[in-house]
Every structure is written in structure tokens, then in C-alpha cells.
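Biologist: I am new to this structure. Could we go through its aromatic rings together?

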Amino acid sequence: MNILEIKNLGKKFKGSAEWAVSEFNLEVKPGHIVALLGESGCGKTTILRMIAGFETPDTGSIWLNGKNVAGEGQFVEPQQRQVGIVFQDYALFPHKTVWENIRFGLFRIPGRQAEERIAEIMALSGLQGLEKRYPHQLSGGQKQRVALARALAPQPQLILFDEPFSNIDSMRKTQMREDISQIIRKTSATAIFVTHDTKDVMTIADQVVVMQKGKALQWGTPQQIYSQPVNEYVSDFFGRSNFLKARTEKDGLHTPIGFFPASIPEQDVGKEVIISIRPEEISLQSSGEGCSCGTIVKEKFLGEYKELTCRIESSGESSEIIIYAPPTSSCNPQQCFFKPNPEKINILKK
């Protein structure tokens with residue numbers, strides 16, 4: 001059974017002509033970490049608030065462990081949903097110690113049992129020795145751990161994160177992502193987090209939903225969405241990509257960077273399409289045999305790699321592509337040879 005099922009969820013706020021969330025569906029398996037990814041205002045936080053019970057849906061329904069908690073005439077209060085929440089600003093009690101903050105979520109549990117659970121979750125969260133400190137005495141990363149420990153202590157069936165790393169400085173983010181991921185997985189918790197940062201998604205998520213204007217554009221593993229984006233918006237969200245016009249033929253794609261065999265449905269033959277390919281999927285070659293040719297017009301050294309801008313001519317039209325090359329590579333600025341990985345060329349939806 002899925003921990004969470006969302007069916008045709010919709011929400012429109014009073015005074016707004018647009019739906020904040022529209023026809024949204026989601027299934028979350030036990031132990032999975034799912035990310036809702038998108039720009040500010042795309043509806044991801046609204047979905048989180050509806051799951052938690054802070055907002056009521058206008059259409060659709062939300063099911064937790066097979067129980068309808070919202071929609072279809074049902075509404076279960078937030079405190080009865082067994083959902084833990086880690087807020088963006090942590091929402092720790094400033095007048096309570098670390099121990100007391102974590103203890104707050106266990107008010108229904110007898111004293112001895114609660115103390116054992118607090119000790120267990122503090123050990124998992126790496127908070128030993130901080131029991132008597134107050135929030136103002138903690139770093140941002142420590143506050144994050146306390147907020148997570150407090151949410152996990154009651155052993156909720158689902159834990160929600162609202163932009164969990166937005167208040168962590170960039171030097172600490174990488175380590176915090178790994179630490180939080182390990183804590184969640186050690187407790188076998190099921191989690192959903194909202195973010196606008198693809199690095200969060202790549203590090204932590206098992207599945208990701210890319211959202212735009214209240215709707216889900218694509219759903220899959222981070223690797224699937226990075227490698228096979230459905231459109232330019234999704235592709236751009238996950239990093240640089242080359243977008244090129246192409247024409248479908250019976251047995252493949254005719255593109256500015258060469259012809260590539262592909263299975264084209266009969267009804268789509270002879271159409272103009274847009275293809276995408278990531279810069280790292282185009283490799284420089286030492287000779288022109290079996291390769292495409294272009295001219296290097298710009299070169300940037302970016303530490304781990306060089307970013308090369310290559311101008312190509314095809315059918316009387318000029319276009320540019322980006323190639324990521326090894327930092328020590330050298331090439332003739334007048335002419336370069338390159339070979340795209342045909343398995344990484346995607347036809348995008350318009």
C-alpha cells in the first residue's frame with residue numbers, strides 16, 4: 001500500500017483567477033523520498049500544506065495509508081494525520097532546550113518511554129552533547145537537525161520538508177544534504193520535500209515531480225528527468241542543454257549535428273521538432289572521420305571542465321552548441337570535430 005495517494009488535487013485561492021494547483025496526482029511508496037521541484041509560485045508549497053492539513057483542497061482528495069484525510073467531503077485535522085513537518089525557518093521554541101524541543105512532539109508518550117525515544121533520535125541525528133543548549137546557541141545546520149529530530153520523534157507515517165536547505169550557507173549545504181538523507185533513511189521514514197534547487201533533488205530524492213503553474217510536468221527518478229526531459233522548461237531546470245531544430249525522417253532524425261537513426265512513428269515523419277542534448281554528451285574528437293565539424297568561438301575554463309561554444313553550419317543556417325570538455329583539452333579554434341552520443345538525444349514536446 002502507498003503511504004500517500006493524491007488524486008486530481010486542485011486549489012484556487014480567493015480572489016485569484018488562476019488555480020494554484022490543478023489536476024495534481026501523486027503516489028508515494030513507503031520509505032521513499034519524493035521532491036516537488038519548481039520555481040516560486042508553482043504550487044509546490046500549497047500541495048505540502050494540503051497534505052499537512054493547513055489548507056483544504058477545492059477538488060480531488062488526499063489519502064494517507066489508505067485513509068481519506070481530505071476531499072470528497074472528508075477532512076481530518078492536522079494533529080490527527082500522523083504527519084511530521086520541518087518548516088523552512090525551523091520553528092523551534094526559543095525558550096526551550098534542544099531536549100525540550102524534541103520532547104514537545106512526544107507529549108502523549110509516558111516519561112520513560114519518551115526519554116528513551118529522545119535519546120535514540122538524538123543519537124541518530126548527531127545531537128549528543130547539545131541537549132541543554134537553546135536554539136540561539138546553535139548553528140543553522142544544528143537547528144535543522146533539531147527540527148528534523150523533533151518531527152521524527154513521534155515516528156510519523158510521513159514527514160514533510162519546506163525548502164529544507166534554504167537557510168544553510170553554501171559551504172555547509174553539501175554535507176547537510178548527505179546528513180539529512182542518511183538520517184531519514186536510517187529511520188526508514190517516508191518524506192516529501194519542496195525545493196527549487198536541483199542539487200537537493202540529485203542528492204536526496206528517489207523520485208521528483210517537476211512543477212510549473214500548479215501542474216506536474218514530469219515525474220520520475222532524478223536521473224530519468226535529467227537524461228530524458230519532456231520539454232525545454234524541464235531540461236533547463238536541471239542544467240545547461242543544447243536545443244536544436246531537427247526534422248523527422250522514416251528511419252531517424254536529420255539535425256544540424258548529424259543524422260541519427262531513431263524509431264519514428266509513421267504519423268510523425270516529415271515534421272519539424274526540437275531536440276535536446278546535454279553538453280557533456282558531446283565529445284571532442286581528434287579527427288573528422290565519422291564526426292561533425294564546427295568552429296570554436298568561445299572558451300571558458302570552469303575548473304572541472306571547459307565550456308566550449310561551437311558554431312555549426314547546416315543547410316545554410318548557423319547555430320551554436322555548448323560542449324563540456326576536459327580542462328586540459330586543446331582544440332583548433334578554426335575547426336573542431338565532435339561526436340554526440342546518439343542515445344542521449346531527446347525529442348522534446350512543444
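Biologist: Is Phe 87 buried, partly exposed or exposed?

Modeller: This is a predicted model. Buried would need under 20% relative accessible area, and exposed over 50%. The relative accessible area of Phe 87 is 34%, so Phe 87 is partly exposed.

Biologist: How many aromatic pairs are there?

Modeller: Two rings pair if their centres lie within 6.5 Å. By this rule, the count of aromatic pairs is four.

Biologist: Phe 54 and Phe 87 form one aromatic pair. Which kind is that pair?

Modeller: The centres of Phe 54 and Phe 87 are 6.5 Å apart, with 15° between the planes. Planes under 30 degrees apart count as stacked. The pair of Phe 54 and Phe 87 is therefore stacked.

Biologist: How many residues apart in sequence are the parts that this pair ties together?

Modeller: Phe 54 lies in the loop between α1 (44-52) and β4 (59-64). Phe 87 lies in the loop between β7 (83-86) and α2 (98-103). So the pair ties together parts whose separation in sequence is 33 residues.

Biologist: Which kind of pair do Tyr 305 and Tyr 324 form?

Modeller: Their centres are 4.3 Å apart, and the planes are at 40°. Stacked needs under 30 degrees and edge-to-face over 60. The pair of Tyr 305 and Tyr 324 is therefore tilted.

Biologist: Which residue lies over the face of Phe 75?

Modeller: A charge over a ring has to be within 6 Å of the ring centre. Here the distance from the ring centre is 5.0 Å, and the residue over Phe 75 is Arg 81.

Terms used: Residues are numbered from 1 along each chain as its sequence is written. This is a predicted model: local features need pLDDT of at least 70, side-chain atom pairs count only at pLDDT 80 or more; totals for chains, interfaces and linings use all residues. Side-chain values use heavy atoms; hydrogens and water are left out. Rings of Phe, Tyr and Trp (its six-membered ring) pair if their centres lie within 6.5 Å; planes under 30 degrees apart count as stacked, over 60 as edge-to-face and the rest as tilted. Helices (H or I, at least four residues) and strands (E, at least two) are DSSP runs, numbered from the N terminus. Buried means under 20% relative accessible area, exposed over 50%, partly exposed in between (1.4 Å probe, protein chains only). A charge sits over a ring if NZ of Lys or CZ of Arg is within 6 Å of the ring centre and within 35 degrees of the ring normal.
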